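Here is a friendly walk through one protein model, written for someone who thinks at the bench. Keep the sequence and the 3D view open as you read.

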Amino acid sequence: MPVAASAIYFLNLRGDVLINRLYRDDVGGNMVDAFRTHIMQTKELGTCPVRQIGGCSFLYMRISNVYIVIVVSSNANVACAFKFVVEAVALFKSYFGGAFDEDAIRNNFVLIYELLDEIMDFGYPQNLSPEILKLYITQEGVRSPFSSKPSEKPVPNATLQVTGAVGWRREGLVYKKNEVFLDIVESVNLLMSSKGSVLRCDVTGKILMKCFLSGMPDLKLGLNDKIGLEKESQLKSRPAKSGKTIELDDVTFHQCVNLTRFNSEKTVSFVPPDGEFELMKYRITEGVNLPFRVLPTIKELGRTRMEVNVKVKSVFGAKMFALGVVVKVPVPKQTAKASFQVTSGRAKYNASIDCLVWKIRKFPGQTESTMSAEVELISTMAEKKPWTRPPIQMEFQVPMFTASGLRVRFLKVWEKSGYNTVEWVRYITKAGSYEIRC
């Protein structure tokens, strides 16, 4: 992996170096002079966060009244470098009581140097978890609210958490009721033509978990993804079960997931963090089940009138329903007023966004609703430009429905004490960019 930093500098708004740390010998200590001369003094700080000067690259970010500048001379991982800066600032804030500015840096030189030595080694980021670092870097920081509190865990346990595979979870957690909440939240992105044909469609989803489990549990999650089911049938030497399978694209996992086991067995195995976290993200481009079909008809009757008819059909199950359905139909800027007829919900003209806004609080499945509107336009003597007809936009939320068809086949919890666990699974589909041309 490319390095993330050869040196890091903390500068104030005048360009004075507050503190710096050199991690590699491939850059000189005076490289910050080039940053001041070629970037700060030329007023180009807001143009691009990555600049190349000579043989070095400067990656910088402003936090409050402090510029954090990372210097590298080799092929650096820019995303990793900026992620390091964000995590480092969060770490400093936890030590400084929530503040990170020039005064906080000046008052905590020794503590910052100690933290910089721990969170990066030879240009490679290390552990930046405040919960772990506070176990063995106990120096008091200015305005630090936790410095007077006793340590919750003895220092020797920090070594296991830093070097082991479960640095995101501390030992000794105990709950009276062991529960796991799992939410599959999907956003549908659609672009549909005025004739009803789909021009672009995909689903972006994420699996959110909230764990209240005692001890150090090991969880295993099974989904109805095609590759995982095929791998499971190979390992068990039996044909795969019939049913809908999906293909997941662009999958990213939380650091707690055992990637080695996922690559070999295609199963999501992990020791979860305590509380709420995002287990994984994914994208679906094939076989998307659209929750709604929208059929618009817009007629321009001369220069002063328009007729708008919109029919919305729900194509999910009859026992399901959508909440907070909003349909926004664009109209010309010279709209004066509009009169409506709707089969359900309420509609009005919103002049601030130049749209007819149709709201339905609860939309049952396998039903349809229509909105008809007569729009009056202001007649002007000036030459009228042709109306571009922006697309209709839609907002909604459908509980217990997934546009991708993703389903949780099982969620197993194993812990050496053998306690019983209650698992809760919920599905939610929302509108991301749901647009229909008219």
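A salt bridge here is a side-chain nitrogen of Lys or Arg within 4 Å of a carboxyl oxygen of Asp or Glu. By this rule the count comes to 15 salt bridges. Please keep in mind that the model is a predicted one.

## Salt bridges

Three of the pairs are set out below, each with its closest N to O distance.

| Acidic residue | Basic residue | N to O distance |
|---|---|---|
| D16 | R14 | 3.1 Å |
| E87 | K83 | 3.1 Å |
| D183 | R426 | 2.7 Å |

Let us begin with the pair D183 and R426, whose side chains meet in a salt bridge. D183 belongs to strand β8 (residues 179-192) and R426 to strand β23 (residues 422-436), so this contact ties together parts that are 243 residues apart in sequence. Is D183 buried or exposed? With a relative accessible area of 17%, D183 is buried, because the cut-off for buried is under 20%. Its partner R426, at 42% relative accessibility, is partly exposed.

The pair E87 and K83 sits within a single element: both residues lie in helix α2 (residues 78-96), four residues apart, which is about one turn of the helix. E87 is partly exposed, at 30% relative accessibility.

In the third pair, D16 reaches R14 with 3.1 Å between the closest N and O atoms. D16 is partly exposed, with 35% relative accessibility, while R14 is exposed at 60%.

## Strands and how they pair

Strand β16 (residues 321-330) has two antiparallel partners to look at. Nine bridges join β16 to strand β19 (residues 355-364), and L323 has K362 of β19 as its bridge partner. Four bridges join β16 to strand β21 (residues 392-399), again running antiparallel. In that pairing, V326 stands opposite E395 of β21.

A hairpin is found earlier in the chain. Strand β3 (residues 50-53) and strand β4 (residues 56-63) pair in the antiparallel sense over four bridges, and Q52 has S57 of β4 as its bridge partner. Two residues lie between the strands of this hairpin, and G54 in the turn has a positive phi of about 65°.

Which side chains of β3 point to the buried face? They are R51 and I53, whereas V50 and Q52 point to the other face and are not buried. In a regular strand, side chains alternate between the two faces of the sheet.

## Loops with positive phi

Two residues other than glycine also have a positive phi. Q366 has a phi near 55° and lies in the loop between β19 and β20 (368-377). R389 has a phi near 55° as well, and R389 is found in the loop between β20 and β21. The relative accessible area of R389 is 26%, so this residue counts as partly exposed.

## The nonpolar core

Which residues touch the most other members of the largest nonpolar core? They are M209, L279 and F292, in a core of 65 residues. Strand β8 gives the most to this core, with six residues. The core draws at least three residues from each of domain 2 (179-287 + 407-433) and domain 3 (292-379 + 388-399).

## A nonpolar patch on the surface

Nonpolar side chains are also found at the surface. F109, V110 and Y113 form a nonpolar patch there, with about 260 Å² of accessible area together. V110 has its place in helix α4 (residues 109-119). At 57% relative accessibility V110 counts as exposed, because exposed means over 50%.

## A residue of strand β2

To finish, find L18 in strand β2 (residues 17-22). L18 is buried, at 8% relative accessibility. Where along the chain does D103 lie relative to L18? The two are 85 residues apart along the chain, and their C-alpha atoms are separated by 9.9 Å.

Notes
Residues are numbered from 1 along each chain as its sequence is written. This is a predicted model: local features need pLDDT of at least 70, side-chain atom pairs count only at pLDDT 80 or more; totals for chains, interfaces and linings use all residues. Side-chain values use heavy atoms; hydrogens and water are left out. Two strands pair if DSSP finds at least two bridges between them. Patches are made of residues with over 30% relative accessible area and no salt bridge: like charges are joined within 9 Å, nonpolar side chains (Val, Leu, Ile, Met, Phe, Trp, Tyr) within 5 Å. Accessible areas come from the Shrake-Rupley method with a 1.4 Å probe; for residues, only the protein chains shown count as cover. Buried means under 20% relative accessible area, exposed over 50%, partly exposed in between (1.4 Å probe, protein chains only). A nonpolar core is a set of buried Ala, Val, Leu, Ile, Met, Phe, Trp, Tyr and Cys residues joined through side-chain atoms within 4.5 Å. Domain bounds come from an automatic or database domain assignment.
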